[in-house]
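Please work through the following exercises with the sequence and the coordinates at hand. Each task is followed by a solution in steps.

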Amino acid sequence: AGGFYSMALKNDGSVWAWGSNRFGQLGDGTNTQSNTPVQVSGLSNVQAIAAGESYSLALKDDGSVWAWGNNEEGQLGDGTNTQSNTPVQVSGLSDMQAIAGGGTHGLALKDDGSVWAWGRNGNGQLGDGTNTQSNTPVQVSDLSDVQAIAGGRHHSMALRDDGSVWVWGFPENSNTPVQVSG
C-alpha cells in the first residue's frame, strides 16, 4: 500500500492498482482516481511490487526495476524529475532480487548482496555518504551481504546475512549505514 492507493500482484505477473491517482501512481496511463482495480499498463512477468508515498515500483523476473507516479524527488530513478502515469525503467539496475519503497526514495537489492537507492536524500536515506538527492540509483556505502531491505518515510534498513540490522537516514540523519544495537 502507498499513500492513498493500493496495489496487487496477480499470479500471472500482472499488477493492479486502485485509489488516488493524482501523480499517475496507478500506472494505467491516466491521472484519474479509481475505486476499483485497474491494470498497470505495459507490465508483465512481475515478481514483486512496492509502493512509496505517491509512486510505485515493480521488479520483473529478468531482474529489472520499473517505476511510475510522482517523480519530484527523482523517486522513479529514470534520470529525470518528470512524473509518469505509465511504468518507466529505473536506470542502470539489473540482477535485482528485491525492492522497497520509502516515502520519496526507492531501494533495490542486487543478487550480489549490494543495495542501491535513489530519490530524496535530505536525511541521508540513500546511504551514499551525501545528502544530495539522486534521480538515478547510487550504491549504499559500506554495506554488503544483504538479504532483505525496507524503506521508511525518511530512512532505510537492511538485514545482513549475519543477522545484523543496519539503518540510515532519519532520525539519526546518518548518510551511511550504522548497525542497530543489540
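The exercises below concern a predicted model.

**Exercise 1. Overall composition**

Task: Determine how many helices and strands the chain has, and assess its radius of gyration against the globule rule.

Solution.
Step 1. The secondary structure amounts to 0 helices and 15 strands.
Step 2. The radius of gyration is 15 Å, and the globule rule gives 16 Å for 182 residues; these values are close, so the chain is as compact as a globular protein of that length.
Step 3. The C-alpha trace extends over about 45 × 30 × 30 Å along the principal axes.
Step 4. Of the 182 residues, 49% are buried.
Step 5. Among the contacts with a separation of 6 or more, 44% are between residues 24 or more positions apart.

**Exercise 2. The sheet of three strands**

Task: Establish the strand order of the open sheet that contains β1, and state which strands lie at its edges.

Solution.
Step 1. The order is β1-β2-β3, and the pairing is antiparallel.
Step 2. β1 (5-9) and β3 (34-39) are the edge strands, each of them paired on one side only.
Step 3. From one strand to the next, the twist averages 20 degrees.
Step 4. Between β1 and β2 (residues 15-19) there are 5 bridges in the antiparallel sense.
Step 5. The register can be read from methionine 7, whose bridge partner in β2 is alanine 17.

**Exercise 3. The sheet of four strands**

Task: Give the order of the open sheet that contains β8, and explain why one side of β8 and of β11 has no neighbour in the sheet.

Solution.
Step 1. The 4 strands are arranged as β8-β9-β10-β11, with antiparallel pairing.
Step 2. β8 (96-101) and β11 (134-139) are at the edges and have a single partner strand each; therefore one side of each is left without a neighbour in the sheet.
Step 3. The twist in this sheet averages 20 degrees from one strand to the next.
Step 4. β10 (residues 115-119) and β11 run antiparallel and are joined by 3 bridges.
Step 5. Within this pairing, glycine 119 is opposite serine 134 in β11.

**Exercise 4. A hairpin and a salt bridge**

Task: Describe the connection between β4 and β5, then identify the salt-bridge partner of glutamate 53.

Solution.
Step 1. β4 and β5 make up a hairpin, with 3 residues between them.
Step 2. The two strands run antiparallel and are joined by 5 bridges; valine 46 has lysine 60 in β5 as its bridge partner.
Step 3. Glutamate 53 forms a salt bridge with arginine 153, with 3.4 Å between the closest N and O atoms.
Step 4. Glutamate 53 is in the loop between β4 (46-51) and β5 (55-60), and arginine 153 is in the loop between β12 (146-151) and β13 (155-160), so the pair ties together parts that are 100 residues apart in sequence.
Step 5. Arginine 153 counts as exposed because its relative accessibility is 52%, whereas glutamate 53, at 34%, counts as partly exposed.

**Exercise 5. The salt bridge of aspartate 145**

Task: The whole structure has 2 salt bridges. Characterise the one formed by aspartate 145.

Solution.
Step 1. The partner of aspartate 145 is arginine 160, and the closest N and O atoms are 3.7 Å apart.
Step 2. Aspartate 145 belongs to the loop between β11 and β12 and arginine 160 to strand β13, so this pair ties together parts that are 15 residues apart in sequence.
Step 3. With a relative accessible area of 39%, aspartate 145 is partly exposed.
Step 4. Arginine 160 has a relative accessible area of 17% and is buried, since the cut-off for burial is under 20%.

**Exercise 6. Two residues and their surroundings**

Task: Are histidine 105 and glycine 124 buried or exposed, and with which residues are they in contact?

Solution.
Step 1. Histidine 105 is part of strand β9 (residues 105-110) and, at 0% relative accessibility, counts as buried.
Step 2. The side chain of histidine 105 has a polar contact of 2.9 Å with the side chain of serine 156.
Step 3. Beyond four places in sequence, the contacts of histidine 105 include Tyr55, Gln75, Trp118, Gly119 and Arg153.
Step 4. Glycine 124 is situated in the loop between β10 and β11 and is likewise buried, with a relative accessible area of 0%.
Step 5. Apart from neighbours within four places in sequence, glycine 124 is in contact with Thr130, Asn131, Trp168, Gly169, Ser174 and Asn175.
Step 6. The C-alpha atoms of glycine 124 and asparagine 175 are separated by 3.8 Å, although the two residues are 51 residues apart along the chain.

How values were computed
Residues are numbered from 1 along each chain as its sequence is written. This is a predicted model: local features need pLDDT of at least 70, side-chain atom pairs count only at pLDDT 80 or more; totals for chains, interfaces and linings use all residues. Side-chain values use heavy atoms; hydrogens and water are left out. Two strands pair if DSSP finds at least two bridges between them. Axes are lines fitted to C-alpha atoms, for helices over the stretch in contact, and angles run from 0 to 180 degrees between N-to-C directions. Buried means under 20% relative accessible area, exposed over 50%, partly exposed in between (1.4 Å probe, protein chains only). A polar contact is a pair of N or O atoms within 3.5 Å; within protein, one must be able to donate a hydrogen and the other to accept it, and residues adjacent in sequence count only if both atoms are side-chain atoms. Contact means heavy atoms within 4.5 Å. A salt bridge is a side-chain nitrogen of Lys or Arg within 4 Å of a carboxyl oxygen of Asp or Glu. The radius of gyration is taken over C-alpha atoms; the globule rule is 2.2 Å times the number of residues to the power 0.38.
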